[in-house]
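Trainee: Could you take me closely through one helix pair in this model, and then show me how the parts around it are arranged?

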There are 2 protein chains.
Amino acid sequence: MRLSQMLFNTLRDDPAEAEIPSHKLLVRAGYIRRIGSGLYAYLPLMWRVLQKVSQIVREEMNATGAQECLLPQLQPSDLWQESGRWDTYTKAEGIMFALQDRQKRELGLGPTHEEVITAIARDMIRSYRQLPVHLYQIQTKFRDEIRPRFGLMRGREFIMKDGYSFHTDRESLQQTYQDMDRAYRNMLRRCGLKFQPVQADSGAIGGGVSQEFMVLAEAGEDEVLYTEDSQYAANVEKAVSLPADAQPSPFTEYKKVETPNTNTIATLCEALGCDATNTVKNVLYQTVYDSGMTVLVLVSIRGDQEVNEVKLTNELTALAPEYGAKAVLAIAVPDPEAQSKWAAKPLPLGYIDPGLGDEYISQQENLAPKFLRLVDRTAVDLQNFATGANETGYHVMGANWGEQFVLPDRIVDVRTAKAGDRAVHDPTQILQTARGIEVGHIFQLGTKYSEAMNATFTSEQGEELPCFMGCYGVGVSRLAQAAVEQSYDKNGIIWPVAIAPYTVIICVPNITDSQQMDVAEKLYQDLQQAGIEVLLDDRKERAGVKFKDADLIGIPYRLVTGRAIKSGKVECVERKTLASEEVAIDDVVSVLQDRIQTALKA
Amino acid sequence: MRLSQMLFNTLRDDPAEAEIPSHKLLVRAGYIRRIGSGLYAYLPLMWRVLQKVSQIVREEMNATGAQECLLPQLQPSDLWQESGRWDTYTKAEGIMFALQDRQKRELGLGPTHEEVITAIARDMIRSYRQLPVHLYQIQTKFRDEIRPRFGLMRGREFIMKDGYSFHTDRESLQQTYQDMDRAYRNMLRRCGLKFQPVQADSGAIGGGVSQEFMVLAEAGEDEVLYTEDSQYAANVEKAVSLPADAQPSPFTEYKKVETPNTNTIATLCEALGCDATNTVKNVLYQTVYDSGMTVLVLVSIRGDQEVNEVKLTNELTALAPEYGAKAVLAIAVPDPEAQSKWAAKPLPLGYIDPGLGDEYISQQENLAPKFLRLVDRTAVDLQNFATGANETGYHVMGANWGEQFVLPDRIVDVRTAKAGDRAVHDPTQILQTARGIEVGHIFQLGTKYSEAMNATFTSEQGEELPCFMGCYGVGVSRLAQAAVEQSYDKNGIIWPVAIAPYTVIICVPNITDSQQMDVAEKLYQDLQQAGIEVLLDDRKERAGVKFKDADLIGIPYRLVTGRAIKSGKVECVERKTLASEEVAIDDVVSVLQDRIQTALKA
């Protein structure tokens with residue numbers, strides 16, 4: 001491609017909308033343009049990157065025997081009613097765009113396709129002989145994000161590969177799940193990315209077992225905890241660990257004490273002269289299930305620990321499946337308006353005790369069960385602990401379960417694992433932390449959708465059984481931006497060779513110099529002939545502008561037809577290292593072929 | 001691909017939803033599945049066809065220097081407000097799905113992308129040196145069709161290639177328009193289709209000059225008129241012709257006569273003993289502009305002619321551009337409810353005269369101008385004609401313009417050209433008719449969008465001028481189905497070689513016969529090695545089922561590893577002709593390579 005014929009502009013300044021380097025660079029380098037909140041046009045350079053990523057994804061998927069298809073983006077609401085996700089997706093979480101057609105029938109714009117594919121499987125799969133089968137598509141998906149940001153990272157439209165497999169049993173599902181794990185690692189390796197597979201929470205997709213693939217980068221929205229022995233890695237939402245041991249309690253007898261201005265654990269410890277591990281904090285949550293049911297939840301946890309709200313949400317969902325597929329959680333107390341709806345009298349905020357009584361909760365029809373008490377494992381074995389006295393400005397110390405307080409009978413793990421904790425699989429391993437960008441997520445769904453939607457097959461024994469399902473997603477457009485987030489310098493983007501829009505750019509310092517243009521044209525033809533994708537910067541611009549732009553857009557190799565052509569050479573600059581050397585014009589193709597091969601194998 | 005591993009079912013019976021052969025066949029042969037009204041899943045076989053069509057389109061587009069990109073499907077309403085099309089598309093015609101996001105901002109689901117691309121051009125194009133430039137995308141589009149039907153022909157989701165070019169002047173636009181004409185002919189030829197380019201109405205896209213590409217097929221929704229000398233072809237919506245000459249009038253004097261039960265031209269002619277060319281009929285329309293303005297229109301036309309409502313709509317839009325971009329037309333009189341809103345007294349329906357007076361129209365605020373009289377050219381030169389007497393059961397005969405009736409001062413061409421008419425370019429040529437499926441449409445838009453949205457460039461002389469624009473669409477999914485509509489027999493689909501999902505299918509009559517399987521596996525490997533796409537029917541099914549399915553799905557060449565393998569041969573059946581011959585196993589690859597080459601060149 002000749003740059004003079006391409007719709008191409010670079011910007012000197014960072015766009016106001018952009019917060020992270022990759023977003024700034026993709027806009028500045030002319031890869032994307034914002035059309036609306038979370039909506040981007042992929043310009044020709046970006047389109048080439050996306051096609052390269054897609055092709056790698058496609059090859060790895062096809063190699064496993066998965067078949068490509070394309071499903072509708074508009075999805076009739078009745079399919080989502082069958083799976084029970086319509087309300088969760090369009091109302092409780094509201095991440096699915098919903099609309100009405102001219103007949104006033106409701107449709108959703110697909111953020112994911114479990115319902116559609118399960119309807120097809122129900123229609124087409126009859127016998128165990130048709131299984132296993134795996135369909136995938138590469139398609140634009142939609143999410144009505146609360147806060148679209150970071151360019152393609154969290155857009156309202158984004159390109160996904162989503163695949164769905166169907167099986168006779170769990171063993172077959174696990175086999176495909178493992179194949180996908182391998183395929184995903186291959187994809188990411190081939191794209192030239194540093195990544196980490198991690199155990200993950202399954203969220204609204206469901207199914208229990210799932211694994212995310214994180215591209216490691218400072219700007220990642222996710223926190224990953226891992227051990228140096230490579231035996232454990234998990235999203236912080238899902239991670240487990242051994243907390244530090246509690247310190248021996250300094251309290252020898254039970255006593256209620258006045259502790260003014262101690263509504264945090266830190267101020268309390270200072271006032272009482274104890275360690276945070278000697279305290280129990282009691283956090284009150286208000287949760288609304290997608291049935292509309294509201295439940296108040298009191299969580300007692302050791303004072304040095306934090307509640308992991310993803311884990312807590314999962315516990316609450318599991319506790320009351322009859323209330324709907326998903327509980328939406330909010331801390332209750334900082335919201336005076338919500339509180340006023342259910343509190344019978346003012347709560348002693350900051351000083352609540354583990355036995356906060358029903359007398360604080362008013363009778364209300366949509367509160368049932370109106371009150372739920374949970375205790376995290378970290379608080380169960382504590383002795384002689386300090387905790388709230390249920391009276392503002394007062395705590396108790398030297399308290400014990402079974403004496404002053406009844407141990408709640410629901411013991412749960414809802415604590416947030418954190419860097420520095422000991423690993424469960426080997427307590428000598430200490431959890432490390434890293435930031436990651438989730439670019440892939442694979443799930444063992446089990447029979448969640450096939451049971452709800454009646455997608456069954458006839459087994460060899462003649463029984464009608466629900467299919468086991470897996471689903472597997474890659475964020476194609478997010479992955480492309482994640483590659484930039486992982487690889488740039490002050491001059492611009494540094495694309496991995498495998499997914500660069502072009503592999504080589506020829507900069508002609510002076511297009512009015514016919515000798516320069518002749519050499520450039522010859523190289524342009526020769527490289528294309530050799531199957532190397534090349535961009536020819538034949539614009540009427542100064543050499544400095546061309547070099548700057550070449551660095552900004554991040555093409556792996558830059559050839560310059562400058563002074564050296566007098567001695568039959570061109571300058572060849574590697575974008576990544578900025579190392580420059582002169583190469584004989586006749587050797588350019590073979591030299592670049594070697595380097596590209598080496599880079600792709602790395 | 002092994003058919004045993006593919007999600008694949010054929011159906012014995014035609015699906016209830018399907019009306020035309022191609023729709024029935026694509027469902028029965030397992031290419032598509034209906035998910036909702038006008039919404040289809042493209043299953044793996046269909047996806048391969050779509051990819052092949054897309055690749056041909058892409059190659060022809062790239063060869064012209066156009067660049068591929070991808071634009072958002074969700075489009076902010078404010079862009080469509082700028083172009084003035086929001087109301088037309090979401091309300092008057094209602095073909096654009098509209099929705100609100102969680103912030104209650106309005107968005108449309110793109111049926112086309114003039115607004116988005118013009119916004120990008122406005123942002124990126126500064127100078128004449130950047131022009132011409134041409135961007136295109138291959139993408140799913142959305143239309144909230146009043147009556148989705150015919151499978152992929154008129155779906156609510158469909159795959160389009162849409163391209164948009166920007167130019168300094170009309171000459172440059174015309175150059176690209178001609179390049180696109182050539183590229184489109186190449187595409188359709190390469191896809192193996194019989195087609196006809198025709199002059200077309202530009203509809204809601206606008207711009208005036210446009211051309212459609214019709215795939216000729218009985219089930220086509222469009223009528224094409226053409227001449228045998230290949231000098232003229234047009235969509236009937238747009239076609240012009242010379243009508244038959246009027247017969248000499250049998251009426252010698254003006255007279256009002258009682259003509260009971262003659263509210264059609266046929267009954268009138270019989271009653272009066274005259275030819276339809278001796279009569280003037282007066283048709284009353286009610287039109288609502290997208291501004292909300294209602295206008296009543298009386299069209300006087302020679303009795304043997306029909307009003308072309310597309311032409312009439314264009315005339316009305318041109319007459320009153322201040323009322324909005326598009327008039328929506330309806331015949332007024334068959335709608336008693338609408339009539340009751342504006343008729344001051346009962347209309348003498350079937351007997352209206354060309355001078356229908358204002359006294360019939362009530363004063364109403366949204367009727368302005370309340371009444372418009374048009375006369376078609378065919379009625380202008382008539383003498384001594386018969387027409388309505390404006391009294392039920394009465395006509396006048398021997399009437400003349402300028403005597404009994406004032407000739408309306410708006411003389412227009414709103415007649416429907418029809419087969420049998422003489423051609424304008426050569427009256428010895430007679431218009432022929434054919435049915436067609438519109439698969440492509442190219443437009444010279446001019447400055448319609450660039451002026452409305454202020455997409456300008458600085459000329460070489462330093463002037464700021466609006467860009468000239470063209471746009472060019474191909475219905476990729478519609479084209480794929482049109483290929484079937486043009487090529488099938490009673491056994492099933494007959495795909496053109498270039499776009500068949502696979503080129504060869506190997507049917508193994510008995511998979512438990514190891515010799516048959518060995519030959520089949522060897523051929524399967526050899527053909528793949530030679531780059532020929534091959535499907536291996538290794539299902540546990542009877543030979544008859546496999547042959548039937550192979551014919552139904554329409555793979556161009558079928559190899560059968562039957563009895564002939566004893567003598568080192570396989571049966572090779574050409575799907576199109578059903579001609580069968582035995583080919584030595586070692587020659588299969590080269591024989592097929594030859595045939596495929598020949599077929600692709602044809």
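Mentor: Happy to! Let's start with H2(A) and H6(A), where H2(A) passes H6(A) in a right-handed crossing. Please keep in mind throughout that this is a predicted model. Two packed helices are described by the angle between their axes and the distance between the axes. Here helix H2 of chain A covers residues 44–63 and helix H6 of chain A covers residues 170–190; they pack at an angle of about 150°, and their axes are 9 Å apart. That angle makes H2(A) roughly antiparallel to H6(A), because anything over 145 degrees counts as roughly antiparallel. On the H2(A) side, the contact is made by A:Ile56, A:Val57, A:Glu59, A:Glu60 and A:Met61. H6(A) contributes A:Met180, A:Ala183, A:Tyr184, A:Asn186, A:Met187 and A:Arg190. Sorted by character, the residues of this contact comprise seven nonpolar, one polar and three charged.

A second helix pair in chain A makes a nice companion. Helix H13 (residues 514–529) and helix H15 (residues 588–601) of chain A have axes that come within 10 Å and cross at roughly 45°. H13(A) is thereby oblique to H15(A). This crossing, too, is right-handed. A:Leu523, A:Asp526 and A:Leu527 of H13(A) meet A:Val588, A:Val589 and A:Leu592 of H15(A). The contact of H13(A) with H15(A) holds five nonpolar residues, no polar ones and one charged.

Now over to chain B, and to its sheets. Strands of a sheet pair through backbone hydrogen bonds, either parallel or antiparallel. One open sheet of chain B has five strands in the order S28-S27-S29-S30-S31, with mixed pairing. Its edges are strand S28 (534–537) and strand S31 (580–584) of chain B; each has a single partner strand, so one side of each is left without a neighbour in the sheet. On average, neighbouring strands of this sheet are turned by 25° against each other, direction ignored. At one edge, strand S30 of chain B (residues 569–574) is joined to S31(B) by five bridges, and the two run antiparallel. Within that pairing, B:Val570 has B:Val583 of S31(B) opposite it.

Helices cover this sheet too. Helix H14 of chain B (residues 543–553) packs on the sheet and touches strand S27 (504–507), S28 and strand S29 (557–560) of chain B. The direction of H14(B) makes about 170° with that of S27(B). Helix H15 of chain B (residues 588–601) lies across S27, S29, S30 and S31 of chain B, and runs at about 165° to S29(B).

Chain B also holds an open sheet of three strands, in the order S13-S19-S18, where the pairing is antiparallel. Strand S13 (255–258) and strand S18 (385–391) of chain B are its edge strands, each pairing on one side only. Neighbouring strands are turned against each other by 35° on average here, direction ignored. S13(B) pairs with strand S19 of chain B (residues 394–399) in the antiparallel sense over four bridges. One bridge to look for puts B:Val257 with its partner B:His395 in S19(B).

How do the two chains relate? Two copies of a chain are related by a rotation about an axis and a shift along it. In this model, a turn of 180° and a shift of 0.0 Å along the axis lay chain B on chain A with an RMSD of 0.1 Å. The two copies are thus related as by a two-fold rotation axis. B:Leu99 is the residue of chain B that comes closest to the rotation axis, at 2.7 Å (C-alpha). Both copies use the same surface, since 100% of the contact residues of chain B recur in chain A.

Finally, a few backbone details deserve a look. Most residues other than glycine have a negative phi, and most peptide bonds are trans. The bond joining A:Leu131 and A:Pro132 is a cis peptide, with omega about 0°. You will find A:Pro132 in the loop between helix H5 (114–124) and strand S7 (133–142) of chain A. In chain B, the peptide bond from B:Leu131 to B:Pro132 is cis, with omega near -5°, and B:Pro132 lies in the loop between helix H5 (114–124) and strand S7 (133–142) of chain B. Look as well at A:Lys104, whose phi is near 65°, a positive value in a residue other than glycine. A:Lys104 sits in the loop between strand S5 (98–100) and strand S6 (106–109) of chain A.

Technical notes:
Residues are numbered from 1 along each chain as its sequence is written. Chains are lettered from A and ligands numbered from 1 in the order in which they are written. This is a predicted model: local features need pLDDT of at least 70, side-chain atom pairs count only at pLDDT 80 or more; totals for chains, interfaces and linings use all residues. Side-chain values use heavy atoms; hydrogens and water are left out. Two strands pair if DSSP finds at least two bridges between them. Axes are lines fitted to C-alpha atoms, for helices over the stretch in contact, and angles run from 0 to 180 degrees between N-to-C directions. Contact means heavy atoms within 4.5 Å. Angles under 35 degrees count as roughly parallel, over 145 as roughly antiparallel, 65 to 115 as roughly perpendicular and the rest as oblique. A crossing is left-handed if the near helix is turned anticlockwise from the far one by less than a right angle, and right-handed if clockwise. Ala, Val, Leu, Ile, Met, Phe, Trp, Tyr, Cys and Pro count as nonpolar, Asp, Glu, Lys and Arg as charged, and the others, Gly among them, as polar. Copies are superposed by least squares on the C-alpha atoms of residues with pLDDT of at least 70 in both.
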